[in-house]
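User: Hello! I am new to protein structures and would like to learn how to read one. Could we go through some features together?

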Amino acid sequence: MNPRYDVVSIFPEYLQPLELSLIGKARRAGLLELTIRDLREFTTDRHRTVDDTPYGGGAGMVMKAEPWAQALEAIQPSEAEDPEARPVLVVPSPAGEVFTQRTAEDFAREEHIVFACGRYEGIDERVLEWAADRFRVRPVSLGDYVLNGGEVAVMAMVEATARLLPGVIGNPESLIEESHADGLLEYPVYTKPSVWRDRPVPEVLLSGNHAAIARARRDWQLERTSRRRPDLIKDLPEDALDRRDRTLLDEWAREREQDDTV
Ligand code: 6GU
């Protein structure tokens, strides 16, 4: 079955970019279902109120519980005994677990994901507790900075997820080699001309020696990752590095120690 994604927001027009390019194309090809809903459709008062002041005081407004409950019940009317049978409810929030390529891979295996875009200071916490009977609730953050609402975050999460679905990307080989697929950053890439403004491409790439090219690219991945994202090197599983990888990393670590002491 093709996966289904529902997005609920008070700014459904913010999510129009999801109709374009890759995701729009995948949608038209029937590879996924995407429905964007306006939270205000689930209000019952004349002013279509979705927010109110926070109990206990403090800055800003909090999203009211009942419109969210109505929206979520409309999307998922039944509770499920088996937690695995429940759809995922993603609640974008800077207070959530951090979204990574692993999260995207998890999401790409799900049949049904509902994204609840909060605005203001967030959604009444009781909604998340109540929703746990019919959803697997996951507060998720893009990273350690604050956005005005969940919409931009949901666009990033849907794109990162949908491009992993079978048939969405023309050349699936590119998914295997890209950044984060093997826990390392991608190697640098070059195209014609072979010399541009006095800068030649690395010679090995013109050698036709495929083993040498593969090893050089691996070295560049390691060098780039150890410089820019040392945290990723620390997180690699024990068996991810071969003898040469370890030798190179040790060498660079020693060189950097040298540089730090002069
Ligand atoms: Cl998912 N939402 C909001 N509002 N801010 C964020 C975020 C999400 N991730 C990082 N900052």
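User: Let me start with a single residue: is Asp 231 buried, partly exposed or exposed?

Analyst: Happy to help! Please keep in mind that this is a predicted model. To place a residue, look at its relative accessible area: under 20% is buried, over 50% is exposed, and partly exposed is in between. Asp 231 has a relative accessible area of 35%, so it is partly exposed. Its partner in a salt bridge is Arg 229, with 3.0 Å from N to O. Arg 229 is partly exposed as well, at 31%.

User: How many salt bridges are there in the whole structure, and which residues do shared partners join into one network?

Analyst: For a salt bridge, look for a side-chain nitrogen of Lys or Arg within 4 Å of a carboxyl oxygen of Asp or Glu. Searching the whole structure gives 21 of them. The salt bridge of Arg 229 and Asp 231 is one you have met already. Elsewhere, salt bridges with partners in common link Arg 215, Arg 218, Asp 219, Asp 242, Arg 244 and Asp 245 into one network.

User: Where do Glu 105 and Arg 102 sit relative to each other in helix H3?

Analyst: Here it helps to count along the helix. Glu 105 and Arg 102 are three residues apart in H3 (residues 101-108), so about one helical turn separates them. They form a salt bridge whose closest N and O atoms are 3.1 Å apart. Both can be placed by their accessibility: Glu 105 is partly exposed at 27%, and Arg 102 is partly exposed at 39%.

User: What about Arg 4 and Asp 6: which is buried and which is partly exposed?

Analyst: Check each partner of a pair separately. Asp 6 has a relative accessible area of 0%, so it is buried. Arg 4, with 27% relative accessibility, counts as partly exposed. The two form a salt bridge, with 3.3 Å between the closest N and O atoms.

User: How many residues does helix H7 have, and how far does it reach?

Analyst: For a helix, compare its reach with what 1.5 Å a residue would give. H7 (residues 210-228) has 19 residues and spans 27 Å from first C-alpha to last, close to the expected 27 Å. At its start, a side-chain oxygen of Asn 209 comes within 3.3 Å of the backbone nitrogen of Ala 211. Then ask which residues are hidden: the buried ones in H7 include Ile 213, Ala 216, Trp 220 and Leu 222. Helix H8 (230-235) and helix H9 (243-261) are among what covers the buried residues of H7.

User: Which residues surround the ligand?

Analyst: Begin with the neighbours, then look for polar atoms. Around the ligand you find Pro 92, Ser 93, Pro 94, Val 140, Ser 141, Leu 142, Gly 143, Tyr 145, Val 146, Leu 147, Gly 149 and Ala 153. A nitrogen atom of the ligand lies 2.8 Å from a polar backbone atom of Leu 142. For Tyr 145, the distance from a backbone N or O atom to a ligand nitrogen is 2.5 Å. For Leu 147, a polar backbone atom is 3.1 Å from a nitrogen of the ligand. The ligand taken alone exposes 290 Å², and the protein buries 96% of that.

User: Where is Asp 124 found, and what does its side chain contact?

Analyst: With a loop residue, name the elements on either side first. Asp 124 is in the loop between strand E6 (112-116) and helix H4 (125-131). Its relative accessible area is 17%, which means that Asp 124 is buried. The side chain of Asp 124 makes a polar contact of 2.6 Å with the side chain of Arg 126. Apart from neighbours within four places in sequence, Asp 124 is in contact with Val 62, Met 63 and Ala 65.

User: What can I read from the backbone angles of Pro 193 and Arg 48?

Analyst: Omega describes the peptide bond, and phi is another backbone angle to check. The peptide bond from Lys 192 to Pro 193 is cis, with omega near 5 degrees. Pro 193 is in the loop between helix H6 (173-177) and strand E8 (195-196). Arg 48 is not a glycine, yet its phi is positive, at about 50 degrees. Arg 48 lies in the loop between strand E2 (33-38) and strand E3 (51-52).

Technical notes. Residues are numbered from 1 along each chain as its sequence is written. This is a predicted model: local features need pLDDT of at least 70, side-chain atom pairs count only at pLDDT 80 or more; totals for chains, interfaces and linings use all residues. Side-chain values use heavy atoms; hydrogens and water are left out. Helices (H or I, at least four residues) and strands (E, at least two) are DSSP runs, numbered from the N terminus. Buried means under 20% relative accessible area, exposed over 50%, partly exposed in between (1.4 Å probe, protein chains only). A polar contact is a pair of N or O atoms within 3.5 Å; within protein, one must be able to donate a hydrogen and the other to accept it, and residues adjacent in sequence count only if both atoms are side-chain atoms. Contact means heavy atoms within 4.5 Å. The expected span of a helix is 1.5 Å times one less than its number of residues. A residue is near a molecule or strand if one of its heavy atoms lies within 4 Å of it. Accessible areas come from the Shrake-Rupley method with a 1.4 Å probe; for residues, only the protein chains shown count as cover.
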